[in-house]
Amino acid sequence: MICSFIKEIYKESSSIQLTYSTEEYKTLETELNHFNLGPYIYSVLKQKRHLDKIPTEFKDALTSQYQSQLIQNLLIKSQTDLVLSLLEKKRIFVIPLKGPLFSKKYFDDFAARSSSDIDILVKEVQVDKAIECIKSLGFKTEEKNDEGHFHKTFSKPLPGSDIPILIEIHWNLLKENTSNLSMDELWNHAIPLGNYQFVKELSTFYTFYFIILHAWRHNLDSMKHFLDIIQIIHKHHDELDIEWLFQTAKKHKTFKRVKRTLSIVYQMFPHTNHLLELPFRKEYAISWLNEGILGERVGKRKLYIDFIDYQFNSYDTLYHRCIALFEWLVPSKFELAAELKHTRLSYLQLYKQRGNGLLSSISSKGK
């Protein structure tokens, strides 16, 4: 339901048809709540002047979600501004990632895209200085992170709230040992944000590139990843050079990840090809997305095979593929705890759990 509705509202305003039944709107509301996309739908319908064409109950639900997200994003932005101002003062180069600024620039609405924490990118040589700065702003508690990853997370308590605000300090966008991604190249193409000197923003091209890699890294497990990509295509397709994107990805050994991610997005939303044409037509098995996003029933065997293919055939080199396989077979303690979902960390328990999943998928006989 959610995919067909999104396809509909991306049409020209005069062509949009919102003649859904009461039950269909209830189903849609449930799916939007699951992916926290109410603010986005509200924003699009408001911009296209179609809010009055939906049922009052559905409209009220979207309005409530939008207003809640607006308050959340105002909080995120106010804290982000404090961080950026201090890093500028300390002459630390920084790029804000995603968040309300991304929402405003690419969704034309400050509150259209949900934000729950602050993400910033700094140069690796300045990470320690950046951490000192954010700690001075109250982000003093370091959260657990995988040592093999490329960011550190800190939290700050908020008055009147049981949920702290988080900030992630990144120095890379991918694991260093599974690509040749050049951060110097990215920084060289970054442009000043507003009147800042040390606060930068990613160019549209590198924003698109980063969002694609970010979506791949999260297994495209949320409709939000799809919307980030298709929204940039809709708004900036005239500025995007798809051939340059693939050349850059090949140089960075991320081509298969970019190709697979875009192919899946175009598979789900074919109309994007009319805006930014892909030079290939590759269909990928996306059974776990069909089940998780579209609600289709998929056999365990197919889910298992498709997900393994996604995990290990998305690397450009055998070397990177072997590293990914090794890290899957012998994960860090952080990833081990995340997969087992309890504190009794045991590789034997992990292999038993995976083995049971494999046997279960085989016994399903491909159904």
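Two strands are treated as paired here if DSSP finds at least two bridges between them. With that rule in mind, this tour goes through a predicted model, beginning at its sheet.

**Stop 1: the sheet**

Select strands S1 to S5. The 5 strands form an open sheet in the order S1-S2-S5-S4-S3, and the pairing is mixed. S1 and strand S3 (141-142) stand at the edges with a single partner strand each, so one side of each has no neighbour in the sheet. As background, strands of a sheet pair through backbone hydrogen bonds, in either the parallel or the antiparallel sense.

**Stop 2: strand S2 and its partners**

Select residues 118-122, which make up S2. How many of the residues of strand S2 are buried? The count is 5 of the 5, so the strand is largely enclosed by the rest of the structure. In general, the side chains of a regular strand alternate between the two faces of the sheet. In S2, Ile118, Ile120 and Val122 point one way, while Asp119 and Leu121 point the other way. Asp119 is buried, as are the four other residues named here.

Add residues 94-97, strand S1, to the selection. S1 and S2 run antiparallel and are joined by 4 bridges. Within this pairing, Ile95 stands opposite Leu121.

Next, add residues 165-170, strand S5. S5 pairs with S2 in the parallel sense, again over 4 bridges. Two positions are worth displaying as sticks: Ile118 stands opposite Ile167, and Ile120 stands opposite Ile169.

**Stop 3: the two cavities**

The structure holds 2 cavities of 30 Å³ or more. Rolling a probe the size of a water molecule over the atoms shows where empty space is left.

For the largest cavity, select Ile76, Thr80, Pro96, Leu97, Lys98, Gly99, Pro100, Leu101, Asp117, Ile118 and Asp119, which line it. The elements that give two or more residues to this lining are helix H4 (56-89), S1, helix H5 (99-107) and S2. The space inside is about 60 Å³. H5 provides the largest share of the lining, 3 residues. By class, the lining has 6 nonpolar, 2 polar and 3 charged residues. Ile118 and Asp119, already displayed as part of S2, belong to this lining.

For the second largest cavity, select Asn36, Leu37, Tyr40, Phe107, Ala112, Arg113, Ser114, Lys224, Leu227 and Asp228. Its volume is about 50 Å³. Which helix gives the most to the lining of this cavity? Helix H9 (residues 223-236) does, with 3 residues. This lining divides into 5 nonpolar, 2 polar and 3 charged residues.

**Stop 4: the second largest pocket**

Keep H9 displayed and add helix H3 (38-47); each supplies at least two residues of the lining of the second largest pocket. About 320 Å³ of space lies in this pocket. Of the 16 residues that line the pocket, Ile9, Tyr10, Lys48, Gln231 and His234 are the closest to its centre. H3 gives the most to the lining, with 4 residues. The classes represented are 6 nonpolar, 5 polar and 5 charged residues.

**Stop 5: aromatic rings**

The model has 21 aromatic pairs. Select Trp216 and Tyr315, an edge-to-face pair with 5.7 Å centre to centre and 85° between the planes. Trp216 lies in helix H8 (residues 204-217) and Tyr315 in the loop between helix H13 (300-312) and helix H14 (318-329), so the pair ties together parts that are 99 residues apart in sequence. Both Trp216 and Tyr315 are buried.

Move to Phe246 and Phe255. Their ring centres are 5.6 Å apart and their planes are at 85°, so this pair is edge-to-face. Are these two rings on buried or exposed residues? Buried means under 20% relative accessible area. Phe246 has 5% and is therefore buried; Phe255 has 18% and is therefore buried.

Finally, select Phe5, Tyr20, Tyr25 and Phe58, which form one aromatic cluster.

**Stop 6: charges over rings**

Two lysines complete the tour. Lys123 lies over the face of Trp187, at 5.5 Å from the ring centre. The charged end of Lys259 sits over the ring of Phe280, 5.1 Å from the centre of that ring.

How values were computed. Residues are numbered from 1 along each chain as its sequence is written. This is a predicted model: local features need pLDDT of at least 70, side-chain atom pairs count only at pLDDT 80 or more; totals for chains, interfaces and linings use all residues. Side-chain values use heavy atoms; hydrogens and water are left out. Buried means under 20% relative accessible area, exposed over 50%, partly exposed in between (1.4 Å probe, protein chains only). On a 1 Å grid over the protein atoms alone, a cavity is a set of points where a 1.4 Å probe fits but cannot get out, and a pocket is an open set with protein on both sides within 12 Å along at least five of seven lines; lining residues have an atom within 4 Å of a point. Grid points are joined across faces, edges and corners, and a volume is the space filled by probe spheres set on the points. Ala, Val, Leu, Ile, Met, Phe, Trp, Tyr, Cys and Pro count as nonpolar, Asp, Glu, Lys and Arg as charged, and the others, Gly among them, as polar. Rings of Phe, Tyr and Trp (its six-membered ring) pair if their centres lie within 6.5 Å; planes under 30 degrees apart count as stacked, over 60 as edge-to-face and the rest as tilted. A charge sits over a ring if NZ of Lys or CZ of Arg is within 6 Å of the ring centre and within 35 degrees of the ring normal.
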